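Hi everyone, thanks for making time for this one. Let me put the sequence and the structure up on the screen, and then we can walk through them together.

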Amino acid sequence: MKKENVINYLIAITRIYLAVYFILSGLGKINNLDFFANSIENYKIFPTEIINILAIIIPWIEVISGALLLLGIYIRENSLIIASLLFVFTIAVISAVLRNLDIDCGCHGTIDGQKVGILKIIENISLFIVSILSIKFPKQELTFIKQPQFISK
């Protein structure tokens, strides 16, 4: 197997990991929206009026983008959405750490109860790097649905 093919498979495997991670995270939040809304509120960043809206919208974005990424549909676009979410999440966690907030990150609903901290920042940055790889190299192996090729005239 060529070195390029090995790299493509490795990037595809990390893409699948990222997709499953976001699908499970989104489903965990959807199953307990009150907990997720409280988690957002604990960061003390957003106005109270938009917390419920964010608690409803963010998990669905995670599930839909994760599912499309898993299937290999619009890899670059869905990776960009996930990278944007990870950027915002990481800034929120860094902000909480700098303000010494001892709070649950709200990352997976009630599944793991992970606290904000350096490990969470490292995890988010690692996932961000994976999403950047999928943006940079969108033509990957292990896509379950091939995207249509548009013919230009």
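Let me begin with a question for you: where does tyrosine 74 lie? The answer is the loop between helix 3 and helix 4. I'll come back to that residue in a few minutes, once we have the overall layout in mind.

One thing to say up front: what you are looking at is a predicted model. Please keep that in mind for everything that follows.

So, the overall layout. The chain has five helices and zero strands. If you read the elements from the N terminus on, you get α-α-α-α-α. The C-alpha trace spans about 50 × 30 × 30 Å along its principal axes. Of the 153 residues in the chain, 41% are buried. The accessible surface comes to about 9300 Å², and carbon and sulfur atoms hold 68% of that.

Now for contacts. Take the ones between residues at least 6 apart in sequence: 73% of those join residues at least 24 apart. On the charge side, there are 13 positive and 11 negative charges, and their mean positions are 13 Å apart.

Next, let's turn to a pocket. I picked the second largest pocket, which has a volume of about 330 Å³. Which elements give two or more residues to its lining? They are helix 1 (3-30), helix 2 (33-42), helix 3 (48-71), helix 4 (75-98) and helix 5 (118-136). Helix 4 supplies the largest share of that lining, with six residues. In total 24 residues line the second largest pocket, and the ones nearest its centre are Lys29, Phe36, Tyr43, Phe89 and Cys105. If you have the viewer open, those five residues are a good set to click on.

Back to the loops, as promised. A quick reminder of the background: most residues other than glycine have a negative phi. Tyrosine 74 has a positive phi, near 45 degrees, and is not a glycine. How accessible is tyrosine 74? Its relative accessible area is 42%, so tyrosine 74 counts as partly exposed.

There is another residue to look at in that respect, asparagine 100, with a positive phi of about 55 degrees. Asparagine 100 is found in the loop between helix 4 and helix 5. Is asparagine 100 buried or exposed? It counts as exposed, because its relative accessibility is 70% and the cut-off for exposed is over 50%.

Now let's step into the helices. In helix 4 we have another asparagine, number 78. Asparagine 78 is buried, because its relative accessibility is 5%, and buried means under 20%. What does asparagine 78 touch, leaving aside residues up to four places away in sequence? Its contacts are Ser65, Leu68, Leu69 and Ile73.

Over in helix 1, have a look at isoleucine 16. With 21% relative accessibility, isoleucine 16 counts as partly exposed, because the buried class ends at 20%. Not counting residues up to four places away in sequence, isoleucine 16 touches Leu70 and Leu142. Isoleucine 16 and leucine 101, on the other hand, are 85 residues apart in sequence, with 32 Å between their C-alpha atoms.

Valine 20 sits in helix 1 too. At 34% relative accessibility, valine 20 is partly exposed. Valine 20 and isoleucine 73 are 53 residues apart along the chain, and their C-alpha atoms are separated by 14 Å.

For helix 3, I chose isoleucine 64. This residue is partly exposed, with a relative accessible area of 47%. How many residues separate isoleucine 64 and glycine 26 in sequence? The number is 38, while in space the C-alpha atoms of the two are 8.8 Å apart.

Last stop, helix 5, where we find leucine 133. Leucine 133 is partly exposed, at 32% relative accessible area. From leucine 133 to isoleucine 23 there are 110 residues in sequence and 19 Å in space, C-alpha to C-alpha.

To recap the two loop residues: tyrosine 74 has a positive phi near 45 degrees, and asparagine 100 has one of about 55 degrees. That's my tour, thanks for listening, and I'm happy to rotate the view for anyone who wants another look.

Note on methods. Residues are numbered from 1 along each chain as its sequence is written. This is a predicted model: local features need pLDDT of at least 70, side-chain atom pairs count only at pLDDT 80 or more; totals for chains, interfaces and linings use all residues. Side-chain values use heavy atoms; hydrogens and water are left out. Helices (H or I, at least four residues) and strands (E, at least two) are DSSP runs, numbered from the N terminus. Buried means under 20% relative accessible area, exposed over 50%, partly exposed in between (1.4 Å probe, protein chains only). Contact means heavy atoms within 4.5 Å. Accessible areas come from the Shrake-Rupley method with a 1.4 Å probe; for residues, only the protein chains shown count as cover. Lys and Arg count as positive and Asp and Glu as negative; His and the chain ends are not counted. The place of a charge is taken as NZ of Lys, CZ of Arg, CG of Asp or CD of Glu. On a 1 Å grid over the protein atoms alone, a cavity is a set of points where a 1.4 Å probe fits but cannot get out, and a pocket is an open set with protein on both sides within 12 Å along at least five of seven lines; lining residues have an atom within 4 Å of a point. Grid points are joined across faces, edges and corners, and a volume is the space filled by probe spheres set on the points.
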